[in-house]
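Hi,

Here is the structure I said I would pass on to you. Have a look at it first, and then read my notes underneath.

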Amino acid sequence: MEQRINGFEKAGNAMKAMYGLGMYLNKSIIEQPLLHLIYFRVSQINGCAYCLDMHSKDLRVMGETEQRLYMLDAWRESPVYTARERAAFGWAEAVTRLEHNQVADDVYETARQQFSEEELVDLTMAVITINSYNRINIAFRTTAGSYQPGQHVAATH
């Protein structure tokens, strides 16, 4: 596939607003490895090759294991994730998919058992942010594969 538009170059001011969300999330009380696992999982759901490439590389640099990355698509059946991670994955999937135009009560209750109200707001902002990036990259066919770990750090700090 050929890239349509380089949204990161052509929409500088709009992207600065998006980067502001990244700066906020970089300071979140939610642990960064978990946020990146959420970014990776949502990107799997949406099929965003660029974000899958980026977050898999960043997660590996953070020390994430290959096994946990490979099993993430089947997190419900995989014994390698904590209760907190499982609650986050369930929340991220529900907010991304919005089945029946809602997030189910049981998903919310599970998330609230693991996350404070402030953390749940941050988790929701993370899901909203990665969904936005996924849609930009998919719409403009951002070329995947060349991302270097930490490449976008300057833009989000």
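Below is what turned up, starting with a pair of helices and ending with two cysteines.

One thing to keep in mind: this is a predicted model.

Let's begin with helix 6, which covers residues 83-97, and helix 8, which covers residues 117-140. Their axes come within 10 Å and cross at roughly 50 degrees. That angle is neither in the range for roughly parallel, which is under 35 degrees, nor in the one for roughly perpendicular, 65 to 115 degrees, so helix 6 and helix 8 are oblique to each other. The crossing of helix 6 with helix 8 is right-handed.

Which residues meet there? On the helix 6 side, look for Arg84, Ala88, Trp91, Ala92, Val95 and Thr96. Their partners in helix 8 are Glu119, Leu120, Leu123, Thr124, Val127 and Asn131. Sorted by type, the residues of this contact come out as 7 nonpolar, 3 polar and 2 charged.

Now the cysteines. How many disulfides does the structure hold? The count is 0. Cys48 is in no disulfide, and the nearest cysteine sulfur to its own belongs to Cys51, 3.5 Å away. A disulfide needs the two sulfur atoms within 2.5 Å, so this pair does not count as one. Cys51 is likewise in no disulfide, with the sulfur of Cys48 as its nearest at 3.5 Å.

Are these two buried or exposed? Cys48 has a relative accessible area of 1%, so it is buried. Cys51 is buried too, at 0%.

Cheers

Definitions and conventions:
Residues are numbered from 1 along each chain as its sequence is written. This is a predicted model: local features need pLDDT of at least 70, side-chain atom pairs count only at pLDDT 80 or more; totals for chains, interfaces and linings use all residues. Side-chain values use heavy atoms; hydrogens and water are left out. Axes are lines fitted to C-alpha atoms, for helices over the stretch in contact, and angles run from 0 to 180 degrees between N-to-C directions. Helices (H or I, at least four residues) and strands (E, at least two) are DSSP runs, numbered from the N terminus. Angles under 35 degrees count as roughly parallel, over 145 as roughly antiparallel, 65 to 115 as roughly perpendicular and the rest as oblique. A crossing is left-handed if the near helix is turned anticlockwise from the far one by less than a right angle, and right-handed if clockwise. Contact means heavy atoms within 4.5 Å. Ala, Val, Leu, Ile, Met, Phe, Trp, Tyr, Cys and Pro count as nonpolar, Asp, Glu, Lys and Arg as charged, and the others, Gly among them, as polar. Buried means under 20% relative accessible area, exposed over 50%, partly exposed in between (1.4 Å probe, protein chains only).
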